[in-house]
Amino acid sequence: RGPTADALVAALGPDALLSQADLQQYRARVREPLRFSYRGFTVETMPPPSAGGVVVTLLLRGLERLAAHELPAGSAAEAHLFLELARRAQAERRFGVVDPDTLSASERRARRARWLDGARWVDRVPIDPNRATPSERVHPLFGMAMKELEHTTHFSVVDADGAVVSCTTTLSAGFGARLVAEGVVLNNSVASFGTAGDNQPAGGKRTISSMAPTLLLRGDEPFLVLGTPGGDSIPSTIVQVLRHVVDHEMDLADAVNAPRLHHGFVPDEARYERARPPPRQLLTELGKLGHRLAAPRAVMGDANDILINAGVAHAYADPREGGLAAAAGPASTLGD
C-alpha cells in the first residue's frame, strides 16, 4: 500500500494485469532450507520455489553416492560424472520443481525426500561411465524446454559476531522488464515459468528460479558462504567451488579462479568458459565420451564467496565480473 504501490500499478498502464489488490494480498514466506550432509559437512541451500538449491542438493548427493571424490581431480572420468549428474539434475529443476504452496503437504514431503535421498533420482536414468546420455533420453519433455537467461547478482557477508548471509537476487534479464516505477526496476520473472511440465504460470503462483545461495557448515559453525549469478549455471558453479575446497583441498581464491564446466540439459551441450578453458586434453577426452562441447560465453558466473577458518573470514571476489572483497572498519571510521 502507499505511493510506491500506486506507482508500481500506474507504471504498467490502464490495462495492467497487476492490481492494488494483488500487492495487498502478497506475503513473503519464510521456508525451511534444504539441509543435508556432504562428506562430513552440513550443506544448507535455498528450497523451492527456487529450484537452484534442488540442483545443488541433487548434484552433491549424487556425487557423494558415486564417490566422485575418489576420482583423480580434473580427470575426464570426474568431469564426465559431474556433467551427467548436472544434466539429470537440471531436468528435475525444469520439470520437477514448482511453487510448494500449490502442492499438498504429502506431495511436498515426497518431493523433498526424493531430492535429499541422492539415489533414486539417479537410478531412473543410469549414468554410463563410458558415454554421454543424450538429453532427450533423460526426460521426454526435452524438446519443449527453452534456454534460461543469466542476469543475476550475488553477495556474501559475515559480521563481527560470525553471523553470515548469502544473498542472490535477480530481475531475470538485464534491467528486467526495462520499466522503472518509483525507483524500482520491474523484473520479467514470468519468463522463469516453464514451457512444459508442472511449472506453468497461474495467478498467485510463485515462479521458480536457479538462484541457490548456499552455506557449508563444519559442525555448527559456518565454513563457506557461497553463491553466484549465471542462470542455470548457478548450481554448477556453487558445487564446483565447494568441491574444490572440500574434495581438492584448494584455497578459496584458487577454487573460485578454476575453470568451470556446466550442463544445463537444454541445450544438449557441455559448456565451458572461453576465457578460462579447461585443459585441451580434458576437452578432447570429453568429446570422445560423446559430449558436444561449447563455449558460448567468455565467463560463467561471478562467485563472491567467504571461507571462515579458526574465526578468521577470508573473502574472495570473482575476477570474472569485477567484484570487490572488502572488510569494514569500526563504525567510527566509516564516516557517512
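## Strands, loops and unusual backbone angles in a predicted model

Strand S2 is largely enclosed by the rest of the structure, because four of its five residues are buried (buried means under 20% relative accessible area, exposed over 50%, and partly exposed in between, with a 1.4 Å probe and protein chains only). Helices (H or I, at least four residues) and strands (E, at least two) are DSSP runs, numbered from the N terminus. The model is predicted, so local features need pLDDT of at least 70 and side-chain atom pairs count only at pLDDT 80 or more, while totals for chains, interfaces and linings use all residues. Residues are numbered from 1 along each chain as its sequence is written, and side-chain values use heavy atoms, with hydrogens and water left out.

### The whole protein

Let us step back for the overall picture. The protein has 10 helices and 13 strands. Its radius of gyration is 20 Å, close to the 20 Å that the globule rule gives for 336 residues, so the protein is as compact as a globular protein of that length. Here the radius is taken over C-alpha atoms, and the globule rule is 2.2 Å times the number of residues to the power 0.38. Taken along the principal axes, the C-alpha atoms fill a box of roughly 60 × 55 × 40 Å.

Of the 336 residues, 48% count as buried. Among contacts with a separation of 6 or more, residues 24 or more positions apart account for 62%; contact means heavy atoms within 4.5 Å. The protein exposes about 16300 Å², and carbon and sulfur atoms supply 53% of that area, which comes from the Shrake-Rupley method with a 1.4 Å probe. There are 36 positive and 39 negative side chains, and the centres of the two sets lie 6 Å apart. Lys and Arg count as positive and Asp and Glu as negative, with His and the chain ends not counted; each charge is placed at NZ of Lys, CZ of Arg, CG of Asp or CD of Glu.

### From S1 to S8

Now back to S2 and its partners. Two strands pair if DSSP finds at least two bridges between them. S2 (residues 41-45) runs antiparallel to S1 (residues 34-38), joined to it by five bridges. Arg 35 stands opposite Glu 44 in this pairing. The hairpin of S1 and S2 has two residues between the strands, and Arg 39 takes a positive phi near 50° there.

S2 is also joined to S7 (residues 214-218), again antiparallel, by four bridges. Thr 42 stands opposite Leu 217, and Thr 45 has Thr 214 as its bridge partner. S7 is itself mostly covered, with four of its five residues buried.

S7 pairs in turn with S8 (residues 221-226), in the antiparallel sense over five bridges. Arg 218 stands opposite Glu 221. S7 and S8 form a hairpin with two residues between them, and Gly 219 in the turn has a positive phi of about 70°.

### The sheet of S9, S10 and S11

An open sheet of three strands has the order S9-S10-S11, with mixed pairing. S9 (261-263) and S11 (293-294) stand at the edges with a single partner strand each, so one side of each is left without a neighbour in the sheet. S10 (residues 270-272) pairs with S11 in the parallel sense over two bridges, and Ala 270 has Leu 293 as its bridge partner in S11.

Glu 269 sits in the loop between S9 and S10. With a relative accessibility of 10%, Glu 269 counts as buried. Leaving aside neighbours within four places in sequence, Glu 269 is in contact with His 262, His 263, Arg 292, Ala 294 and Pro 296. The C-alpha atoms of Glu 269 and Ser 135 are separated by 9.0 Å, although the two residues are 134 apart along the chain.

### Unusual backbone angles in loops

Most residues other than glycine have a negative phi, and most peptide bonds are trans. The table collects some loop exceptions.

| Residue | Backbone feature | Loop |
|---|---|---|
| Pro 49 | cis bond from Pro 48, omega near 20° | between S2 and H3 (52-65) |
| Pro 267 | cis bond from Val 266, omega near -5° | between S9 and S10 |
| Ala 67 | positive phi near 55° | between H3 and H4 (76-96) |
| Glu 249 | positive phi near 55° | between H8 (234-246) and H9 (252-257) |

Is Glu 249 buried or exposed? Glu 249 is exposed, with a relative accessible area of 70%.
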